[in-house]
Amino acid sequence: MLKIADLPETLPVFPLTGALLLPRARLPLHIFEPRYLAMLEDCMKTSERLIGMVQPNPRPGSDSADLQRIGCAGRLTQFSETEDGRYMVTLTGISRFRVLEEVQGFTPYRRAKVSWQGFEQDLASTDTDPGFDRERFLGLLGRYFETRNLSTDWDSLKQAEDELLVNSLSMLLDFEPEDKQALLEAPSLSTRRETLVTLIEFALRGGDERGAGGALQ
């Protein structure tokens, strides 16, 4: 099992609004911009093959953006090249990190000095949610899908392990960037599930009020 000491102090970072990667989950990406093609090529030359996914944090009144303070590193686990030089890749989440500062240099992409402290649980084989009431959760999810005319493979959802179910929905459902960041920063699977429930209940109320609601236990 990986340890914090095995992880690098500096990461190439891919700022992407609304994109969420979580530990042990997979994120497919379509890479075509020259600066990120360069990032990918440099990544493949390293032994870790890690890229930090982090949301930009817009500066008021500016076209540029800082980085959110928490991101998640993913290991490049699959990639294929198209005939016109683009890449279809998959990142597998390894661990969240805290951005300490951006690293200035000569790469066309952004890099950051990071800290892995406080995210030791991310390196474990799995996370658990002892209080998860799957039946009530799926009932709530069914109402959410119905109001948005969405379809899914319910048999697969019912059979998915708790962590896979909660994390996949956190990554895939169409929430605002700040909500995605809250899901990323949740300290445990239980709190992520509670946050996810809050967001779904808020959406079912029509988005007319923010509030914790009655979190499913």
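This is a short tour of the empty spaces in the structure and of one helix, with a suggestion at each stop of what to select. Keep in mind that the model is a predicted one.

Begin with the largest pocket by selecting Arg96, Phe119, Asp122, Ala186 and Pro187, which lie nearest its centre among the 20 residues that line it. The space in this pocket comes to about 200 Å³. Next, colour β7 (87-103), α4 (162-172) and α6 (189-204), since each of these elements supplies at least two residues of the pocket's lining. What kinds of residue make up the lining of the largest pocket? The lining divides into 10 charged, 6 nonpolar and 4 polar residues.

Now move to helix α5, residues 177-185, and select Asp179, Lys180, Gln181, Leu183 and Leu184, which are buried. If you then show β6 (70-81), β7, α4 and α6, you will see elements that are included in what covers the buried residues of α5.

Two of those buried α5 residues, Gln181 and Leu184, lead to the last stop, because they also belong to the lining of the largest cavity, a cavity being a space where a 1.4 Å probe fits but cannot get out. The count comes to 1 cavity of 30 Å³ or more, and about 50 Å³ of space lies in the largest cavity. To outline this cavity, add Ala19, Leu20, Leu21, Met53, Val54, Gln55, Ile70 and Cys72 to the selection. At least two lining residues come from each of β3 (50-54), β6 and α5. Here the lining of the largest cavity holds 8 nonpolar and 2 polar residues, with no charged ones.

Technical notes. Residues numbered from 1 in each chain as written. Predicted model: local features only at pLDDT ≥ 70, side-chain atom pairs only at ≥ 80, totals over all residues. Heavy atoms only, no water. 1 Å grid on protein atoms, 1.4 Å probe; cavity = no way out; pocket = protein on both sides within 12 Å on 5 of 7 lines; lining within 4 Å. Points joined across faces, edges and corners; volume = space filled by probe spheres on them. Helix = DSSP H or I, 4+ residues; strand = E, 2+ residues; numbered from the N terminus. Nonpolar A, V, L, I, M, F, W, Y, C, P; charged D, E, K, R; others polar. Buried < 20%, exposed > 50% of the residue type's maximum accessible area, 1.4 Å probe, protein only. Contact = heavy atoms within 4.5 Å.
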